[in-house]
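Biologist: I am new to this one. Please show me the model, and let us go through it in short steps.

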Amino acid sequence: MNKAKKTFKFKETISTLEFDYGFKSDVLAHPDAQGLNACFSCGTCSAGCPIHEIFPDYSPKKLAKMVRLGMRKEVLSSSYIWYCATCHNCEQRCPQNVKFFSILNVLKNMAAKKGYAPAVWIEQTKQVMETGIVFATEDSWVKKRKALSLRSLKVYADKIRRIIGKTGIDKIKPRISSV
Ligand code: SF4
Ligand code: SF4
């Protein structure tokens, strides 16, 4: 696969004085992130990550290390944490059984609460709340399904709205600018 020309860089250097040593504890406090301490930075996760293949600076190994170092702002404000394709390769290949995908979800939740959720993510949530499905259906799809005698797409938007309302996702504001 060709490497994309566009790459994204984290800040090149950082002083250890800037580390937030409570960050790792905050992440580890979540049950889904408890394997993080077992990571020994082997890089197997990054080697099998399809997003890393396209954006070499996106690296599960690097993100795991940044969390362990206490780089709270750099991690939570980074666009990278929203790049994941949810393929779970990192988890399947990790020799230490670190559940990186789950850790990423913890990071995304923390980032959203801090106001770093991408606008497109908020839009997609609204779409699910309004229609019960992630992508808006087009009239042409509906007609094609009818022509093929496929059942109609029944949505349970009211139930989904209630579930989303209970999680509080609908209250999250999108990030105002990229950081
Ligand atoms: S594969 Fe596992 S142990 Fe290796 S860097 Fe990734 S998370 Fe850490
Ligand atoms: S789940 Fe996300 S981070 Fe893990 S390998 Fe797939 S794209 Fe990469």
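Biologist: Is Ser-41 buried, partly exposed or exposed?
Modeller: This is a predicted model, and Ser-41 sits in the loop between helix H1 (22-28) and helix H2 (44-47). Its phi is positive, near 55 degrees, in a residue other than glycine. Burial takes 20 or more C-beta neighbours, and 12 or fewer would make a residue exposed. Ser-41 has 13 other C-beta atoms within 10 Å, so the class is partly exposed.

Biologist: What is the class of His-88, buried, partly exposed or exposed?
Modeller: His-88 lies in the loop between helix H5 (72-76) and H6. It is not a glycine, although its phi is positive, about 70 degrees. Because it has 14 C-beta neighbours inside 10 Å, His-88 counts as partly exposed.

Biologist: Which elements make up the chain, and how many strands are there?
Modeller: Read from the N terminus on, the elements run α-α-α-α-α-α-α-α-α-α. That is 10 helices, and the number of strands is zero.

Biologist: How much of the chain is buried?
Modeller: The chain has 179 residues. Take contacts with a separation of 6 or more: residues 24 or more positions apart account for 72% of them. The buried share of the residues is 22%.

Biologist: Which element gives the largest share of the largest nonpolar core?
Modeller: That core has 30 residues, and Val-27, Leu-36, Val-67, Val-75, Phe-100, Ile-103 and Leu-107 have the most contacts inside it. H1, H4, H5 and H7 each supply at least two residues. The largest share is seven residues, and it comes from H7.

Biologist: Which residues does Val-75 touch, leaving out those up to four places away in sequence?
Modeller: Val-75 is among the core residues with the most contacts inside the core. Its partners beyond four places are Leu-63, Met-66, Val-67, Ile-81 and Leu-107.

Biologist: Why is Ala-112 classed as buried?
Modeller: Ala-112 lies in helix H7. Beyond four places in sequence, Ala-112 touches Ala-117 and Ile-172. The cut-off for burial is 20 or more other C-beta atoms within 10 Å. Ala-112 is buried because its count within 10 Å is 23.

Biologist: What separates the C-alpha atoms of Ala-112 and Ser-77?
Modeller: Along the chain the two residues are 35 residues apart. In space, the separation of their C-alpha atoms is 9.4 Å.

Biologist: Let us turn to the ligands. Which element gives the largest share of the shell around ligand 1?
Modeller: Ligand 1 is surrounded by 14 residues, the closest being Cys-39, Cys-42, Cys-45, Cys-94 and Val-98. Two elements give two or more residues to this shell, H2 and helix H4 (60-69). The largest share is three residues, from H4.

Biologist: How many charged residues does the shell around ligand 1 have?
Modeller: Sort that shell by class. Nonpolar residues number nine and polar residues four. The charged count is one.

Biologist: How many charged residues does the shell around ligand 2 have?
Modeller: Of the 14 residues around ligand 2, Cys-49, Cys-84, Cys-87, Asn-89 and Cys-90 come nearest. Helix H3 (50-54), helix H6 (89-93) and helix H7 (100-113) each give two or more residues to this shell. By class there are 10 nonpolar and four polar residues, while the charged count is zero.

Biologist: Why does helix H9 lie largely in the open?
Modeller: H9 covers residues 139-147. After H9 comes Ser-149, with a positive phi near 55 degrees. The helix lies largely in the open because, of its nine residues, the number buried is zero.

Biologist: How many residues of helix H10 are buried?
Modeller: H10 spans residues 157-167 and is hardly covered. Just after it, Gly-168 has a positive phi of about 85 degrees. Among the 11 residues of H10, the buried count is zero.

Biologist: Where in the chain is confidence lowest among the elements, and where is it highest?
Modeller: The mean pLDDT of the chain is 86, and 90% of its residues reach 70 or more. Over residues 1-6, pLDDT stays under 50, and the model has five contacts beyond four places in sequence for them. Confidence is lowest in H10, at a mean of 81, and highest, at 97, in H2.

Key: Residues numbered from 1 in each chain as written. Chains lettered and ligands numbered in written order. Predicted model: local features only at pLDDT ≥ 70, side-chain atom pairs only at ≥ 80, totals over all residues. Near = placed C-beta within 6 Å. Helix = DSSP H or I, 4+ residues; strand = E, 2+ residues; numbered from the N terminus. Nonpolar A, V, L, I, M, F, W, Y, C, P; charged D, E, K, R; others polar. Contact = placed C-beta atoms within 7 Å. Core = buried A, V, L, I, M, F, W, Y, C linked by C-beta atoms within 7 Å. pLDDT = per-residue confidence, 0-100.
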